[in-house]
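Q: I'd like to learn how to read a two-chain model from the bottom up. Could you walk me through it?

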Amino acid sequence: MDSKSSACSSPNPNPTLGPSKLMLAFRFLRALSLVRRTTPASSRTCRGRRIERAAYASMAYTAGASRAWSRAVLRRLHHRARRRAVAPRRLSTTAGNRAEALRRLVPGGGGMDYCTLLEETADYIKCLSMQVELMQGIVDSASSYGP
Amino acid sequence: MSGRSGAITDEEINELVSKLQSLLPESRRRRSAGRVSASKLLKETCSYIKGLHREVEDLSDRLSDLMATMDSNSPQAEIIRSLLRP
C-alpha cells in the first residue's frame, strides 16, 4: 500500500476502486469461498468467526509485510490456537507507556515508539475502514435482491 | 518518521496527530474549531478503532447468514454464488 504518500490530505469520501482495494476484494472473496467450502453448514457461529479471521488476514496480506500491524495480525492468526484475545503486551520502558489504550488496540502496538504507533494507527485505520467498506458492499449487493 | 537516534520532536508528534485527526470521522465537522488536545484525540481514535472492530465482527456474522441462504434458489443466493465463484 502506498500509505506513505500525502501525509495530511483528508480522506476522499467516494474513493475510486484503486489497486489495493481491488486486491483486498479479490483476497477476501477468495477467502470467503474457501470458508464456504470448508465449514459445515451447521456451525453458523464457527463460520462467522472464520469469516472474521479471513477479513483480518485479507487486510494484513494486502497491507503487506512493510507494516508492523499487518505482521502482528498475521503472527496472531497463525498462533491463534494458543490465545484468543489481544496478545499480551511487553511494553518497553524506553518507549514509555504513552497511549496505553491505543497500544492494546493496534496490533503490534506494544513494542513501538510513540511516533511509529501514531503512523501505524493511521495506516491501520485506513485499512480497517476499507475492509469494513468492502464487507458492507458485499452484504448490500447480496441483500438488495431480498424479499 | 523519526529515523534519528535523538529525541522525537514535538513537531513530528503534532504532524502525526494532525494526520490522525484527519482520519477520524467527527474531525471533519470540527475542523473550524481548530485542533483538539492530543489526549482527546487518542480517546476518539480508540473508540473509532473499537467501533471498526465491532463492525467487522457484525458484518462477519451477516455474511455467515448470507452464506446460509446460498443453497436456496432465490436471486439473492445467485448473486452471492456469482460473487464467490472461483
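Q: What share of the 86 residues in chain B is buried?
A: Buried residues come to 40% in chain B. Keep in mind that this is a predicted model. The cut-off for calling a residue buried is under 20% relative accessible area.

Q: And how many helices and strands does chain B have?
A: Chain B has 4 helices and 0 strands, so its pattern along the sequence reads α-α-α-α.

Q: How do I read the contacts inside chain B?
A: Look at how far apart in sequence the partners sit. Take the contacts in chain B with a separation of 6 or more: residues 24 or more positions apart account for 11% of them. As for surface, chain B exposes about 5100 Å², with 50% of that supplied by carbon and sulfur atoms.

Q: Let's do chain A in the same order. What pattern does chain A follow along the sequence?
A: Chain A reads α-α-α-α-α, with 5 helices and 0 strands. Of its 147 residues, 43% count as buried. For contacts with a separation of 6 or more, residues 24 or more positions apart make up 48% in chain A. The accessible surface of chain A is about 8000 Å², and 55% of it belongs to carbon and sulfur atoms.

Q: Which residues of helix H3 in chain A are buried?
A: Helix H3 of chain A spans residues 68-78, and its buried residues are Ala68(A), Trp69(A), Ser70(A), Ala72(A), Val73(A) and Leu74(A). Next, ask what they pack against: for the buried residues of H3(A), that's helix H2 (44-63) and helix H5 (114-143) of chain A.

Q: Now the interface. How is its size usually given?
A: People often quote the accessible area lost when the parts come together. Here, chain B and chain A bury about 4500 Å² between them, 72% of it on carbon and sulfur atoms. Lys19(B), Leu63(B) and Met67(B) supply 13% of the area that chain B buries against chain A, more than any other three residues. By residue count, the contact takes 44 residues from chain B and 49 residues from chain A.

Q: How many salt bridges does the rule find across the interface?
A: The rule finds 1 salt bridge between chain B and chain A. Its partners are the side chains of Arg49(A) and Asp61(B), at 3.2 Å from N to O. For polar contacts, the count across the interface is 4 residue pairs, both residues at pLDDT 80 or more.

Q: Which helices of chain B each supply at least two residues of the side that touches chain A?
A: Those are helix H1 (10-23), helix H3 (38-68) and helix H4 (75-84) of chain B. H3(B) gives the most, with 21 residues. Sorted by kind, the residues on that side of chain B are 25 nonpolar, 7 polar and 12 charged.

Q: Can we finish with one residue? Which residues does Glu57(B) touch, leaving out those up to four places away in sequence?
A: Glu57(B) touches Arg49(A) and Glu52(A). Arg49(A) is also the salt-bridge partner of Asp61(B). Glu57(B) itself lies in helix H3 of chain B.

Q: Why does Glu57(B) count as partly exposed?
A: Because its relative accessible area is 36%, and partly exposed runs between the 20% and 50% cut-offs. For a sense of distance, compare Glu57(B) with Glu44(B): they are 13 residues apart in sequence and 20 Å apart in space, C-alpha to C-alpha.

Methods. Residues numbered from 1 in each chain as written. Chains lettered and ligands numbered in written order. Predicted model: local features only at pLDDT ≥ 70, side-chain atom pairs only at ≥ 80, totals over all residues. Heavy atoms only, no water. Buried < 20%, exposed > 50% of the residue type's maximum accessible area, 1.4 Å probe, protein only. Contact = heavy atoms within 4.5 Å. Areas by Shrake-Rupley, 256 points an atom, 1.4 Å probe, with all protein chains shown as cover. Buried area = accessible area lost by both parts, 1.4 Å probe. Salt bridge = Lys/Arg side-chain N within 4 Å of Asp/Glu carboxyl O. Polar contact = N/O pair within 3.5 Å; in protein donor to acceptor, adjacent residues only side chain to side chain. Nonpolar A, V, L, I, M, F, W, Y, C, P; charged D, E, K, R; others polar.
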